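Hello,

I hope your first weeks are going well. Here is the structure I promised you, and below it I have written up what turned up when I went through it.

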Amino acid sequence: MRTLKLGLALGAGGTKGAAHVGAMRVLADAGIAPDVIAGTSIGSLYGGIVAVGRSPHEIEDGIRTTPHRDVYAFFRQRLKVRANNRLARMFYEALAGFHIEDLPIPYAAVASDIVAREPIALTSGPIIDAIEASIAIPVIARPVAHQGRILLDGGFWDAAPVNEAYALGADIVVAIEIGQPLQLPERLRTSAVRAASLLDRVSLRRTLAGVPFTVRAVSSELQARRSADIVLRPQIAHLLGNSPSRQVDCLEAGVAAAVAALPAIKALLAGESPVTVAEEYAPQGRMITDPGLA
């Protein structure tokens, strides 16, 4: 029986987040359950569903069978889990009634405080509220008032919330990165911030309030953060992958990355392979039906 705690750090990336599900399903098939989960943006949604006790297999089935139009409807209704569309109802049925502090798996959803301009790990309260804040993409979704803060999407600070996974008590952290935080070139930052300041008087509850925050966030230097022990980077085309029609491809890219990393994950959890530097896995995406993945 292993005693080292495994943490998953699941990053932002829109519909490419299906890769998280593929990776978690590989771990589940290998009998490896995460002890803690920290998620940002789409990582907070899929990680939250697992943290409440649902299996990655259930989520995978949903990704494979949900019509593309339902995904578009979820975006059109501002990424609200309580919205009246079929995909939102599926998420709501999985998450309703759960409070983060009572979950079987310790969990954190990372969002952005748009007033303090910093990441915030949400580790208490209704999980739906935390996830709606963490997935609130600026301009698409309105800022979310939660626990005395005004919050938006948490994907501005890290490729994956590794620090938060360690803070939850993980000994070994596997990060799944499906994108990098956007950063403006330095030559554009001053003029961009000056232009964004014209919207500083917009109410923080309005969708436009996300614009000045976003510009300032992508114009700031990223702070150094702790590295994961193992980093999975599923190979997904940046633009082609971020589409509802490519979710299954993204899921299978996550499968390929996790299969490649599985021996190293098992060795670390067994205490057989001390970590000196982070191990990274970014295999070319292969279909789950390939003989090499059977």
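**A bent helix**

Please keep in mind that this is a predicted model. Let's begin with helix 10, which covers residues 247-269 and has a kink of about 50° at A261, shortly before the proline P263. Most of this helix is covered, with 17 of its 23 residues buried. Just after helix 10 ends, you will find G271, which takes a positive phi of about 75°.

**The nonpolar cores**

The largest nonpolar core is made of 77 residues. Which residues have the most contacts inside it? They are L45, L95, Y107, I127, I230, L232 and I265. Helix 10 comes back here, as it gives the most to this core, with 12 residues. If you click on L45, you can look for the residues it touches: leaving aside those up to four places away in sequence, they are F91, L95, I131 and I135. There is also a second, separate core of 13 residues, and V36, A108, A170 and A228 are among its members.

**A look at V50**

Next, try V50, which sits in helix 2 (residues 42-51). Is V50 buried or exposed? V50 counts as buried because its relative accessible area is 6%, and the cut-off for buried is under 20%. Setting aside residues up to four places away in sequence, V50 touches M24, I37, P56, I59 and I105. You could also find P34: it is 16 residues from V50 along the chain, and the C-alpha atoms of the two are separated by 9.1 Å.

**Aromatic rings**

How many aromatic pairs does the structure hold? There are 4. One pair to look at is F156 with F213, an edge-to-face arrangement with 5.1 Å from centre to centre and 80° between the planes. This pair links distant parts of the chain, since the two residues are 57 residues apart. F156 belongs to the loop between strand 6 (149-153) and helix 7 (162-167), while F213 belongs to helix 9 (residues 210-218). Both F156 and F213 are buried. Ring pairs also bring in W157, so that F156, W157 and F213 form a cluster.

One last ring to visit is that of Y166: R226 lies over its face, at 3.5 Å from the ring centre.

Have fun turning it around on the screen, and write back with any questions.

Best wishes

Terms used
Residues numbered from 1 in each chain as written. Predicted model: local features only at pLDDT ≥ 70, side-chain atom pairs only at ≥ 80, totals over all residues. Heavy atoms only, no water. Bend = angle between axes of the 7 residues up to and from the residue. Helix = DSSP H or I, 4+ residues; strand = E, 2+ residues; numbered from the N terminus. Buried < 20%, exposed > 50% of the residue type's maximum accessible area, 1.4 Å probe, protein only. Contact = heavy atoms within 4.5 Å. Core = buried A, V, L, I, M, F, W, Y, C linked by side-chain atoms within 4.5 Å. Phe/Tyr/Trp six-rings, centres within 6.5 Å; stacked < 30°, edge-to-face > 60°. Lys NZ or Arg CZ within 6 Å of the ring centre and 35° of its normal.
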